[in-house]
Amino acid sequence: MTQSWHDLLFAHWPVERAVLDGKIPPPLELEAFDNRAWIGVVPFLMTNVGPRGVPLPRVLSSFPEVNVRTYVRVADRPGVFFFSLDAGSALAVFAARSLLNLPYHAAEMRIVSEHSHTSFVSRRRQSAADLEATYGPAGPVFHAQPGTLDYFLTERYCLYGVSHFGAPYRLEIHHAPWPLQRAEATLTKNTLALASGLTLPSTPPLLHFAKRQDVVAWLPRRVR
């Protein structure tokens, strides 16, 4: 399938590895940078969502999303593991839950980008899990270099999940290197991680912004 991601904020907090004990299903292994694990909250706008070569109406292919994530690997393949994904499309939530068993939730969302800043509001429909944020770039575009924390947090080319039958799988994605910028953000409300049983530190997050990323994805494959 294809996707385009717009006005994306990476907000990351370092946590002790013990915070995530028991929350990562085997055989996935939690990854750490300088012996610290990281939890990310990532809001953005999705467009161009659909099977490759089959354009869908805008009402089906464009919606806001925010995810809560950490970083894992299987053998030599690093990737992303999601604790939750909230989306402003009930159809996308149904499809992702049905086909991939991903922890998607339907939410009332609003994203508005004006000039250089984006306002993002998300309120989960069936439980208390909200995000209210205003964010934007605060520096020139750069590409993260291998071995750096910036690279560790952003340059991930697969996601891992567990099927309805308990089988772990890998879903490959591909895109150009992230056009990152340092960012500034005001998080007025942020209870998404807490809704997944995760307590974020009181320290300010590490922030990155990306204006746009075009992505292709493949069907999932079982991890053996």
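**Strand 4 and the salt bridges around it**

Of the 12 residues in strand 4 (residues 63-74), 11 are buried, so this strand is largely enclosed by the rest of the structure. The model is a predicted one, and strand 4 offers a convenient place from which to read it.

Strand 4 pairs with strand 5 (residues 77-87) in the antiparallel sense over 10 bridges, and within this pairing Val66 stands opposite Asp86. The two strands form a hairpin with two residues between them, where Ala75, in the turn, has a positive phi of about 55 degrees. Strand 3 (residues 37-50) is likewise antiparallel to strand 4, the pairing running over seven bridges, with Met46 as the bridge partner of Phe63. Strand 2 (residues 29-30) is joined to strand 4 by two bridges, again antiparallel, and here Glu29 stands opposite Arg73.

Arg73 also leads to the charged side chains, being linked with Glu31 and Arg156 in a network of salt bridges. Side chains of opposite charge can pair when their charged atoms come close. The structure holds 10 salt bridges, among them one between Asp7 and Lys211, at 2.7 Å from N to O. Because Asp7 lies in strand 1 (residues 2-15) and Lys211 in strand 12 (residues 206-217), this pair ties together parts that are 204 residues apart in sequence. Asp7 counts as buried at 7% relative accessibility, whereas Lys211, at 47%, counts as partly exposed.

In another salt bridge, Arg212 and Asp214 have their closest N and O atoms 2.9 Å apart; Arg212 is partly exposed at 43% relative accessibility, and Asp214 is partly exposed at 41%.

Notes: Residues are numbered from 1 along each chain as its sequence is written. This is a predicted model: local features need pLDDT of at least 70, side-chain atom pairs count only at pLDDT 80 or more; totals for chains, interfaces and linings use all residues. Side-chain values use heavy atoms; hydrogens and water are left out. Buried means under 20% relative accessible area, exposed over 50%, partly exposed in between (1.4 Å probe, protein chains only). Helices (H or I, at least four residues) and strands (E, at least two) are DSSP runs, numbered from the N terminus. Two strands pair if DSSP finds at least two bridges between them. A salt bridge is a side-chain nitrogen of Lys or Arg within 4 Å of a carboxyl oxygen of Asp or Glu.
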